[in-house]
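Hi,

Here is the structure I said I would pass on. Have a look at it first, and my notes follow underneath.

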Amino acid sequence: MDAKVYELLNDQINKELYSAYLYLDMANFYADKGLAGFQNWFTIQAQEERDHAMLMLQYLHNNGQHVELKAIAKPDKEFKDLMDPLKMALEHEEYVTSLINGIYAAASEVKDYRTLQFLDWFVKEQGEEEMNAQDNISKMELFGGDPKGLYMLNSELQARVYSAPSLVL
Ligand code: FEO
C-alpha cells in the first residue's frame with residue numbers, strides 16, 4: 001500500500017474513534033437535560049463511528065498493514081443550548097467528509113483501485129450522515145421551541161435502533 005494512503009487510513013481510525021467520543025459527549029449532555037431520546041440518538045451515532053473505525057482497522061489488516069492506535073483527544077466542545085450539539089454534529093460530519101475525500105484523492109492519485117472501492121461505501125455513508133444531521137437541525141428549528149414539540153421529537157429520537165454497517169469485509 002502507498003505510504004500516504006496508509007497513513008491517512010491509519011489516522012482515520014483515530015478520527016472515527018474521536019467522533020464516537022464526541023457523540024458520547026453529546027449523548028451525556030442530553031442525558032443531563034433529561035432528554036433520553038436525544039441521548040439514545042447520539043449513543044447509537046457513537047456506535048456507528050466505532051464501526052467505521054473497525055472497518056478501517058480490518059481493511060488495513062486485510063491488506064497486510066500494521067495498525068497503529070493513537071491517543072484519542074478529549075472532546076472539548078461546550079454546549080450552551082439544546083441546538084448546539086446538533087449544529088456541531090453537522091459541522092463535524094462535513095469535516096469528516098473532507099477527510100474521506102482527502103483519502104479518496106490520495107488513493108486516486110496512486111491508482112489504488114481497491115482502496116477506492118472500499119472508500120466508496122464511506123463516501124455514500126457521509127452523504128447520509130450529513131443528511132441525518134441536517135434533518136435533526138431542521139426538526140429542532142421547527143418543533144424544539146415548544147415543550148410538546150420537544151417531547152414528540154425526543155420520543156422520535158428514542159425510537160432509533162442500532163443496525164450494523166452494510167459494508168462487510
Ligand atoms: Fe464516521 Fe460520522 O462519520
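Just after helix 1, Gly 34 takes a positive phi of about 80°. Before you go further, keep in mind that this is a predicted model.

Helix 1 itself covers residues 3–32. Its 30 residues span 44 Å from the first C-alpha to the last, close to the 44 Å expected at 1.5 Å a residue. At the N-terminal end, Asp 2 acts as the cap for helix 1, with a side-chain oxygen 3.1 Å from the backbone nitrogen of Lys 4. Tyr 21 also belongs to helix 1, and at a relative accessible area of 41% Tyr 21 is partly exposed. Together with Leu 24 and Ile 72, Tyr 21 makes a nonpolar surface patch of about 250 Å².

Gly 34 has company as far as positive phi goes. Lys 111, a residue other than glycine, has a phi near 55°. Most residues other than glycine have a negative phi, so you may want to look at that spot yourself. Lys 111 sits in the loop between helix 3 (84–109) and helix 4, and its 56% relative accessibility puts Lys 111 in the exposed class.

Now the charges. How many salt bridges does a search of the whole structure find? The count is 6. As background, side chains of opposite charge can pair when their charged atoms come close. Here are the ones I wrote down:

- Lys 70 and Asp 11: the closest N and O atoms are 2.9 Å apart. Lys 70 is in the loop between helix 2 (36–62) and helix 3, while Asp 11 is in helix 1, so this salt bridge ties together parts that are 59 residues apart in sequence. Lys 70 is partly exposed at 40% relative accessible area, and Asp 11 is partly exposed at 22%.
- Glu 48 and Arg 160: these side chains form a salt bridge at 3.2 Å, N to O. The pair links distant parts of the chain, with Glu 48 in helix 2 and Arg 160 in the segment after helix 5 (147–158), 112 residues apart. Both Glu 48 and Arg 160 are buried.
- Lys 80 and Asp 84: the N to O distance in this salt bridge is 3.6 Å. Lys 80 is exposed, with 72% relative accessibility, whereas Asp 84 is buried, with 13%.
- Asp 135, Lys 139 and Glu 156: salt bridges link these three residues in a network.

Next, two glycines. Is Gly 37, in helix 2, buried or exposed? Gly 37 is buried, because its relative accessible area is 0%, under the 20% cut-off. Leaving aside neighbours within four places in sequence, Gly 37 is in contact with Asn 154, Leu 157 and Gln 158. The C-alpha atoms of Gly 37 and Asn 154 are separated by 4.6 Å, although the two residues are 117 apart along the chain.

The other glycine is Gly 144, in the loop between helix 4 and helix 5. Gly 144 has a relative accessible area of 19% and therefore counts as buried, since the class takes in values under 20%. Not counting residues up to four places away in sequence, Gly 144 touches Lys 139 and Leu 150, and Lys 139 is one of the residues in the salt-bridge network above. From Gly 144 to Trp 41 the C-alpha distance is 16 Å, with their positions 103 residues apart in sequence.

Last, a polar residue in helix 4. Which residues does Asn 136 touch, not counting those up to four places away in sequence? Trp 41, Leu 86 and Leu 157. Asn 136 lies in helix 4 (residues 113–143), and at 7% relative accessibility Asn 136 is buried. Leu 157 turns up here for a second time, being a contact of Gly 37 and of Asn 136 as well.

If you only have a minute, I would start with the buried pair Glu 48 and Arg 160, then the positive phi of Lys 111.

Cheers

Key. Residues are numbered from 1 along each chain as its sequence is written. This is a predicted model: local features need pLDDT of at least 70, side-chain atom pairs count only at pLDDT 80 or more; totals for chains, interfaces and linings use all residues. Side-chain values use heavy atoms; hydrogens and water are left out. Helices (H or I, at least four residues) and strands (E, at least two) are DSSP runs, numbered from the N terminus. Buried means under 20% relative accessible area, exposed over 50%, partly exposed in between (1.4 Å probe, protein chains only). Contact means heavy atoms within 4.5 Å. The expected span of a helix is 1.5 Å times one less than its number of residues. A polar contact is a pair of N or O atoms within 3.5 Å; within protein, one must be able to donate a hydrogen and the other to accept it, and residues adjacent in sequence count only if both atoms are side-chain atoms. Patches are made of residues with over 30% relative accessible area and no salt bridge: like charges are joined within 9 Å, nonpolar side chains (Val, Leu, Ile, Met, Phe, Trp, Tyr) within 5 Å. Accessible areas come from the Shrake-Rupley method with a 1.4 Å probe; for residues, only the protein chains shown count as cover. A salt bridge is a side-chain nitrogen of Lys or Arg within 4 Å of a carboxyl oxygen of Asp or Glu.
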